[in-house]
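Me: Could you take a close look at one part of this protein and walk me through it in a connected way? I am in my first year, so please go step by step and tell me how the charged side chains fit in.

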Amino acid sequence: MTTPAIPDNSIGLALGSGAARGLVHIGVLKTLEAEGIPIGCIAGTSIGALIGALYAAGVPPTQMEEVARNVDWQQLAGLIDPIIPTSGLIDGKKVARFIAELLPVETFEELRIPLAVLATDVETGELLVIRRGLLREALRAAISFPGIFTPVYFAGRFLVDGGLCNPVPVDVARDLGARRVLGVCAIPEVEKRPQEAFLPNPKREEPRKNLLFDFFDSTMVERLLRELWPPGSKDNPAVEKERKPPGLLRIFAQCIAIMENEINSLRLARDGADVLLRPDLNGVTLLEFHKAREIIRAGEEGAHAGIAAIRALLDH
């Protein structure tokens, strides 16, 4: 496949993973459009792939923001299609239909801006860069959070979220032909220091829990919504006085986030975006989609803060 020429007076975008935090990409795109920064190509991972695809298809960032801010909890519950757990908790077909309603095109070839989306072969660990064919299926694979969504069978492989291998695909944007790359990272930079710990010797044994009963003690949709609801919210009826271990979905999400943070640090050190935006997300967690307004605003502010450096890219 011949790579289309990327205009010299444009930049390539590398939009990263981050679940709810990834809504920050909408704010960045709003600012880039308002400042007249031309985008020559987009490489996206996970939610960055979805937002990048919408933009490459001609969907305005303002329209994306309206959708993100107006999806309420009832609508969110309607996108959940739980299954008996085999390779994931959620089938994802309803999410795929939701994406199809947002996307005005069906294939990569119809996009107005060259796009690459990333996915991971869950059996081999290989990173796949998808640039042609059916866009909606590629996106469904790219956002299939492992353990939550079932893997997507695509091109003879079972695919999950590309963030497992490449959270901010700067190198892929360069492979598309971009000479200058703006990376947008929604993964907070965390300084982790080794800490000494010990396990106390309890005087009495804790009663053993029936794990099977605990897992199925409520409907899957109720459990999913409880995980998505921000802990400590005064409106959350599930708030309890005693601090308890994180729920199943939060553990899945946080484990992936911890691994992605390490991979991301190594990747960015090696691939190095010409400009890297890392908006301040003020402790927003992976599942707090209800904070769309706040997250998108953080993207706008982060892009405004870096606009001088971004403009300088166009002068080189």
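Reply: Glu 288 is a good place to begin: its relative accessibility is 5%, so with the cut-off for buried at under 20%, Glu 288 counts as buried. Its side chain meets that of Lys 291 in a salt bridge, with 3.4 Å from N to O. Lys 291 has a relative accessibility of 25% and counts as partly exposed. Please keep in mind that this is a predicted model. Side chains of opposite charge can pair when their charged atoms come close.

A second pair of this kind takes us to the part I would like to look at closely, strand 3. Arg 157 forms a salt bridge with Asp 121, and their closest N and O atoms are 2.8 Å apart. Asp 121 belongs to strand 3 and Arg 157 to strand 6, so this pair ties together parts that are 36 residues apart in sequence. Here, too, the two partners differ in how covered they are: Asp 121 is buried, at a relative accessible area of 4%, while Arg 157 is partly exposed, at 25%.

Now for strand 3 itself, which spans residues 115-121. How many of its residues are buried? Seven of the seven are, which makes the strand mostly covered. In a regular strand the side chains alternate between the two faces of the sheet. You can follow that here: Leu 115, Val 117, Ala 119 and Asp 121 point one way, and Ala 116, Leu 118 and Thr 120 point the other way, with all of them buried.

Which strands does strand 3 pair with? Let us take its partners in turn. Strand 2 (residues 39-45) runs parallel to strand 3, and four bridges connect the two. Among the residues involved, Ala 43 has Ala 116 as its bridge partner in strand 3. Strand 4 (residues 127-130) runs antiparallel to strand 3 and is also joined to it by four bridges. Here Leu 118 finds its bridge partner in Val 129 of strand 4. Strands 3 and 4 make a hairpin with five residues between them, and Gly 125 in the turn has a positive phi of about 80 degrees. Strand 6 (residues 157-161) pairs with strand 3 in the antiparallel sense, over three bridges. In that pairing, Leu 159 of strand 6 stands opposite Asp 121. Asp 121 therefore appears twice in our story: it faces Leu 159 across the strands, and its salt bridge with Arg 157 ties strand 3 to strand 6.

To put these charged pairs in context, the count for the model comes to 10 salt bridges. One of them joins Arg 297 and Glu 301, whose closest N and O atoms are 3.3 Å apart. Both residues sit in helix 11 (residues 292-305), four residues apart, about one turn of the helix. Arg 297 is partly exposed at 44% relative accessibility, and Glu 301 is partly exposed at 45%. Salt bridges with shared partners link both of them into one network that also includes Lys 30, Glu 65, Arg 69 and Glu 300.

Finally, how confident is the prediction? The protein chain averages a pLDDT of 79, and 69% of the residues score at least 70. The mean is highest in helix 1 (residues 24-34), at 97, and lowest in helix 8 (residues 211-215), at 43.

Terms used:
Residues are numbered from 1 along each chain as its sequence is written. Side-chain values use heavy atoms; hydrogens and water are left out. pLDDT is the predictor's confidence in each residue, from 0 to 100. Buried means under 20% relative accessible area, exposed over 50%, partly exposed in between (1.4 Å probe, protein chains only). Two strands pair if DSSP finds at least two bridges between them. A salt bridge is a side-chain nitrogen of Lys or Arg within 4 Å of a carboxyl oxygen of Asp or Glu.
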